[in-house]
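Trainee: Could you take me through one helix of this structure slowly, and then show me what lies around it? I'd like to follow along with the model open.

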Amino acid sequence: MFDQLDVGDMKFIYLADSHIGGSDSAGYCQQERSLRYARDIFDELRHWLHEHPEVDFMIHGGDMADSGTGANILQAKEFFAALPCPCFLALGNHDLTETDSLQKWLQIVPEFFPEQQTDYSFLQGDVRFDILTVHWGKQEFFWDPSEAQIPWFSDQQFNQLQKGLCGKRRILITHAPPCGLPEAQTGLQNPLHPPAGNFETILQQLAEEYSLDLILGAHNHMNLATRRDPAWLVTSSAFSETPFEFKLFEINDKKLCMETISLVNQLPFRSNYDHQKSYVQGRPCDRKFSENHPQTNISSTQNSILL
């Protein structure tokens with residue numbers, strides 16, 4: 001399942017915050033939740049992937065489940081196992097709500113964690129991917145909602161980034177957002193929903209130290225695509241919320257491209273959209289970019305959504 005891909009163009013999709021097993025009437029959200037239709041949403045993703053066999057794999061950026069119970073993890077396993085491509089998972093805070101959630105993920109879905117580790121690195125073609133589980137409180141791999149959410153990595157996780165595996169490109173995936181949404185996107189006076197503490201600074205230092213091309217985050221349920229040399233910083237809106245989006249990436253040694261795909265018009269149910277919060281989906285430049293390598297000739301083009 002995790003065999004190295006041939007060198008050349010690579011395509012993968014990135015989604016986050018599916019919150020399987022959660023409630024539509026409770027919990028943090030930016031747009032209307034449709035968790036009661038989770039099966040329909042993942043069925044449509046499966047159909048989309050069947051129609052796009054050029055996609056090599058999927059990465060889920062965390063909060064697969066709304067809570068890290070055995071029942072929710074089993075449901076997530078059913079949905080992910082039905083997809084016609086390999087899946088790589090990055091655990092989010094909602095995935096780790098029980099003291100034994102980490103063990104349950106590794107026991108129930110070991111096939112989605114290389115070498116049964118939740119912090120891992122792998123090569124696909126000439127690209128190195130590093131997936132790290134963010135810690136949110138005093139205890140590693142456990143989220144207590146009563147504690148302030150201050151994301152951090154352990155020394156062992158920093159050491160993981162130094163181990164072996166060389167690639168022409170490098171991508172870091174972690175559930176915490178790499179930065180807040182820019183004021184130009186939201187119209188507010190300050191960045192929206194930035195990570196607490198010094199996490200943003202730490203990610204920038206890692207980007208510079210390891211020459212990262214891309215940092216993929218999640219957690220804020222909003223689209224982001226902004227450049228802070230040397231890396232693009234990207235987050236995705238919640239897959240379980242209108243308009244049910246994910247990212248499609250294409251990458252090789254000469255280019256890095258991203259576009260945002262919406263499933264809203266293909267789903268067999270109707271959902272509401274709050275147009276007063278359109279910054280969640282973002283401007284065209286927050287939804288799509290194309291970059292040649294070396295990092296010149298950056299362009300953004302429009303990718304509209306129909307609601």
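Mentor: Let's start with the buried residues of helix H2: Gly 70, Asn 72, Ile 73, Ala 76, Phe 79 and Phe 80. Keep in mind that you're looking at a predicted model. H2 runs over residues 70-81, and you can check its length yourself. Its 12 residues, at 1.5 Å each, should span 16 Å, and the end C-alpha atoms are indeed 16 Å apart, so the two agree.

What do the buried residues of H2 pack against? Their partners are H1, strand E2 (57-60), strand E3 (87-89) and H3.

Stay with H3 for a moment. Two packed helices are described by the angle between their axes and the distance between the axes. For H2 and H3 (residues 101-108), the angle is about 35 degrees and the axes are 10 Å apart. Their crossing is right-handed. On the H2 side, the residues that meet H3 are Gly 70, Ile 73, Leu 74, Ala 76 and Lys 77. Across from them, H3 brings in Ser 101, Lys 104, Trp 105 and Ile 108. Gly 70, Ile 73 and Ala 76 are also on the list of buried H2 residues.

Now zoom out to the nonpolar interior. The largest nonpolar core has 66 residues, and those touching the most other members are Phe 12, Ile 13, Leu 45, Phe 80, Trp 105, Phe 129 and Phe 249. Helix H1 (residues 38-51) gives the most to this core, with 6 residues. You've already met two of those names: Phe 80 is one of the buried residues of H2, and Trp 105 is one of the H3 residues that meet H2. Another core lies apart from this one, with 24 residues, including Leu 132, Leu 181, Met 222 and Leu 224.

Pick out Phe 249 next. Beyond its neighbours within four places in sequence, Phe 249 is in contact with a long list of residues, among them Met 10, Phe 12, Leu 214, Leu 216, Val 234 and Phe 289.

That brings us to helix H6, a good second case to set beside H2. H6 covers residues 199-210, and its 12 residues should span 16 Å at 1.5 Å a residue; the end C-alpha atoms are 16 Å apart, which agrees. Buried in H6 are Phe 199, Ile 202, Leu 203, Leu 206, Ala 207 and Tyr 210. They cover an arc of only 140 degrees around the axis, so they sit on the same side of H6. On the face turned away from that buried side you'll find the exposed residues Glu 208 and Glu 209. The buried residues pack against helix H4 (155-160), strand E6 (169-173), strand E7 (214-217) and strand E9 (231-235). Right after H6 comes Ser 211, with a positive phi near 50 degrees.

Finish in the loop between E7 and E8, where Ala 218 is found. Is Ala 218 buried or exposed? Its relative accessibility is 0%, so Ala 218 counts as buried. Not counting residues up to four places away in sequence, Ala 218 touches Tyr 14, Ala 16, Asp 17, Gly 61, Thr 174, His 175, Ala 176, Pro 177 and Thr 235. Look at that last one: Ala 218 and Thr 235 are 17 residues apart along the chain, but their C-alpha atoms are separated by 5.0 Å.

Definitions and conventions
Residues are numbered from 1 along each chain as its sequence is written. This is a predicted model: local features need pLDDT of at least 70, side-chain atom pairs count only at pLDDT 80 or more; totals for chains, interfaces and linings use all residues. Side-chain values use heavy atoms; hydrogens and water are left out. Helices (H or I, at least four residues) and strands (E, at least two) are DSSP runs, numbered from the N terminus. The expected span of a helix is 1.5 Å times one less than its number of residues. Buried means under 20% relative accessible area, exposed over 50%, partly exposed in between (1.4 Å probe, protein chains only). The arc is that of the directions from the helix axis to the C-beta atoms. Contact means heavy atoms within 4.5 Å. A nonpolar core is a set of buried Ala, Val, Leu, Ile, Met, Phe, Trp, Tyr and Cys residues joined through side-chain atoms within 4.5 Å. Axes are lines fitted to C-alpha atoms, for helices over the stretch in contact, and angles run from 0 to 180 degrees between N-to-C directions. A crossing is left-handed if the near helix is turned anticlockwise from the far one by less than a right angle, and right-handed if clockwise.
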